[in-house]
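Subject: Structure handed over, with notes

Dear colleague,

Below is the structure I promised to pass on to you. My notes on what was found in it follow directly after.

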Amino acid sequence: MLFPRREKEVRHGILLENPVDDPACCRGCDGICCRSFPSVELTWEEYEQLQALGATRLEFALYGPPRLMIENGCEFQVGSRCGIYLHRPAICRHFICRTDGGGASSA
Ligand code: SF4
Ligand code: SF4
């Protein structure tokens with residue numbers, strides 16, 4: 001029996017100039033971007049907001065921006081979705097990915 005051949009889909013991450021807020025995006029993806037980077041850069045306001053939301057993986061250094069560590073998966077990921085969608089950091093709001101076929105999605 002022959003099975004249809006499935007090409008491996010390649011995604012390319014892009015940071016947009018303007019944020020995307022569309023919860024309908026990213027259907028069919030299990031949130032790869034939320035566990036594919038070591039950390040997310042934050043502003044101090046975002047740091048304090050995430051702290052108030054119960055974040056346990058926040059880090060700051062003398063130099064450079066504070067960060068939310070997401071290595072091995074962001075603690076705010078619920079299943080394949082962002083559990084703090086309306087409060088997610090700006091860098092998450094600006095991130096989209098495109099597939100080789102040209103489709104675009106946003107976390
Ligand atoms: S932006 Fe959306 S489609 Fe792209 S990796 Fe992140 S969750 Fe998946
Ligand atoms: S805050 Fe939300 S969108 Fe950002 S990395 Fe975590 S789960 Fe993903």
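To start with the ligand site, the shell around ligand 2 consists, by class, of 10 nonpolar, 1 polar and 1 charged residues. Please keep in mind throughout that this is a predicted model. In total, 12 residues surround ligand 2, and the closest of these are C34, C74, Q77, C82 and C92.

As for the overall fold, the protein chain holds 2 helices and 8 strands, and, read from the N terminus on, its elements follow the order β-β-α-β-β-β-β-α-β-β. Of its 107 residues, 19% count as buried. If one takes the contacts between residues at least 6 apart in sequence, 67% of them join residues that are at least 24 apart.

One part of the strand arrangement is an open sheet of 3 strands, in the order 2-4-3 and with antiparallel pairing. Strand 2 (39-41) and strand 3 (58-59) form the edges of this sheet, and because each has a single partner strand, one side of each is left without a neighbour in the sheet. The antiparallel pairing of strand 2 with strand 4, which covers residues 67-69, extends over 3 bridges, and within it V40 has L68 of strand 4 as its bridge partner.

V40 also deserves a look in its own right, since several notes come back to this residue. Apart from its neighbours within four places in sequence, V40 is in contact with R67, L68, I70, P89, I91 and C92, and C92 is also listed among the closest residues to ligand 2. The largest nonpolar core has 14 residues, of which C34, V40, L68 and I70 touch the most other members. Strand 7, made up of residues 95-99, gives the most to this core, with 3 residues. C34, one of the four residues just named for the core, is likewise among the closest to ligand 2.

Strand 7 brings me to the last region, where strand 1 and strand 7 run antiparallel and are joined by 5 bridges. In this pairing, H12 stands opposite R98 in strand 7. Strand 1, which spans residues 11-15, is hardly covered, for the count of buried residues among its 5 residues is 0, whereas strand 7 is the element that gives the most to the largest nonpolar core.

With best regards

Conventions. Residues are numbered from 1 along each chain as its sequence is written. Chains are lettered from A and ligands numbered from 1 in the order in which they are written. This is a predicted model: local features need pLDDT of at least 70, side-chain atom pairs count only at pLDDT 80 or more; totals for chains, interfaces and linings use all residues. A residue is near a molecule or strand if its C-beta atom, placed from the backbone, lies within 6 Å of it. Ala, Val, Leu, Ile, Met, Phe, Trp, Tyr, Cys and Pro count as nonpolar, Asp, Glu, Lys and Arg as charged, and the others, Gly among them, as polar. Two strands pair if DSSP finds at least two bridges between them. Helices (H or I, at least four residues) and strands (E, at least two) are DSSP runs, numbered from the N terminus. A residue is buried if 20 or more other C-beta atoms lie within 10 Å of its own, exposed if 12 or fewer, and partly exposed in between; C-beta atoms are placed from the backbone. Two residues are in contact if their C-beta atoms, placed from the backbone, lie within 7 Å. A nonpolar core is a set of buried Ala, Val, Leu, Ile, Met, Phe, Trp, Tyr and Cys residues joined through C-beta atoms within 7 Å.
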